Amino acid sequence: MARRYDSRTTIFSPEGRLFQVEYAMEAISHAGTVLAVLSKEGIAMAAEKKVTGKLLDLSLAPGGEKMGGEGTEAWMGGGGEKIFLLNNNILAGLAGITSDANSLVNFARNSAQKHLFTYDEDIPVEMLVQRLCDMKQGYTQFGGLRPFGVALLYMGWDPIYGFQLYQSDPSGNYSGWKATCVGSNHSSATSLLKQDYKEELSLEEAKSLCLKVMSKTMDSTKLSSEKLEFATMTLNPTTKQPLSKIYRPSELDSLLRDLELGGTAEDAVGAMEGTGGGGGGNVAIST
């Protein structure tokens, strides 16, 4: 029955469904998991990378330069597959078709810079989310277009509402969350978050919760920077301005060892000895 109504995004089925939008959401359910946890001190986000391999040259990714203004530590290292810096005060994690997400990321960055140029201040988080969702909704309403096959988690800070966490899907809907997850195994991850989330979490507890849930829901038994990306959003203790940080592989491996979720210190030494201490890239892969 669905085949009669799924040829175009503008055709409703007799049950009032848009099958192309539902198919886009199904594509997201097979993508790498992305989850984020909101705390009183900031936000933590973890994302599962699907494109991995020892032969993958991560030094070709834009990893050698800082992005953002003073105090921003958002590095586009680690492959740049799942977590992106949209503005000084906003980071986004994606699940779905990466090429679709690249288009949305560029649109969001342009919108944020236009707002900064016009008003001389960072764009409010919800305003940027709404602009992206308006664009995504348009692709479900006009003929000749298909929905974006990607869901995004946005974490950011602005002076109006403080730290905020949003989720959007291909239909153009968005909603605010205290902790949420998209991608494969999102049902089990959401159940774990419901059990362990507390209102007064510190940032360190949020980071620990993120990685522990990822360790229980990912297919691999051992976490490492080769299979994971991680980022946080906090406030600079001196300037009280948003501080975005995308962890480098070495920093993420160190955090995983501290939480006893990844490689041991001996593994790290062995990996360094295996590379001979050389290499011209600024990103290392943890084996």
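The following questions and answers concern the core, one helix and the salt bridges of a predicted model. Local features need pLDDT of at least 70 and side-chain atom pairs count only at pLDDT 80 or more, while totals for chains, interfaces and linings use all residues. Residues are numbered from 1 along each chain as its sequence is written, and side-chain values use heavy atoms, with hydrogens and water left out.

Student: Which element gives the largest share of the largest nonpolar core?
Tutor: A nonpolar core is a set of buried Ala, Val, Leu, Ile, Met, Phe, Trp, Tyr and Cys residues joined through side-chain atoms within 4.5 Å; buried means under 20% relative accessible area, exposed over 50%, partly exposed in between (1.4 Å probe, protein chains only). Helices (H or I, at least four residues) and strands (E, at least two) are DSSP runs, numbered from the N terminus. The core has 26 residues, and Cys-210, Leu-211 and Phe-230 are among those that touch the most other members. Elements giving two or more residues include β1, β11 and α6, and the largest share, six residues, comes from α5.

Student: How far apart are the end C-alpha atoms of α5?
Tutor: The expected span of a helix is 1.5 Å times one less than its number of residues. For the 15 residues of α5 this gives 21 Å, and the distance between the end C-alpha atoms agrees: 21 Å.

Student: Which elements do the buried residues of α5 pack against?
Tutor: The buried residues of α5 include Leu-203, Lys-207, Cys-210 and Thr-217. Contact means heavy atoms within 4.5 Å. Phe-230 touches Lys-207, Cys-210 and Leu-211, among others. The elements packed against are β1, β2, α4, β11 and α6.

Student: Is Thr-232 buried or exposed?
Tutor: Thr-232 lies in strand β11 (residues 228–235). Its contacts include Ile-43, Met-155, Lys-207 and Tyr-247. With a relative accessible area of 4%, Thr-232 is buried.

Student: Which residue forms a salt bridge with Lys-207?
Tutor: A salt bridge is a side-chain nitrogen of Lys or Arg within 4 Å of a carboxyl oxygen of Asp or Glu. Lys-207 counts as buried, at 8% relative accessibility. Its partner is three residues away in helix α5, about one helical turn. The closest N and O atoms are 3.2 Å apart, and the partner is Glu-204.

Student: What is the N to O distance between Arg-146 and Asp-100?
Tutor: Arg-146 is in the loop between α3 and β7 and Asp-100 in helix α2, 46 residues apart. Arg-146 is partly exposed at 47%, whereas Asp-100 is buried at 9%. Their side chains meet in a salt bridge at 2.8 Å.

How values were computed
Lists of a residue's contacts leave out its neighbours within four places in sequence.
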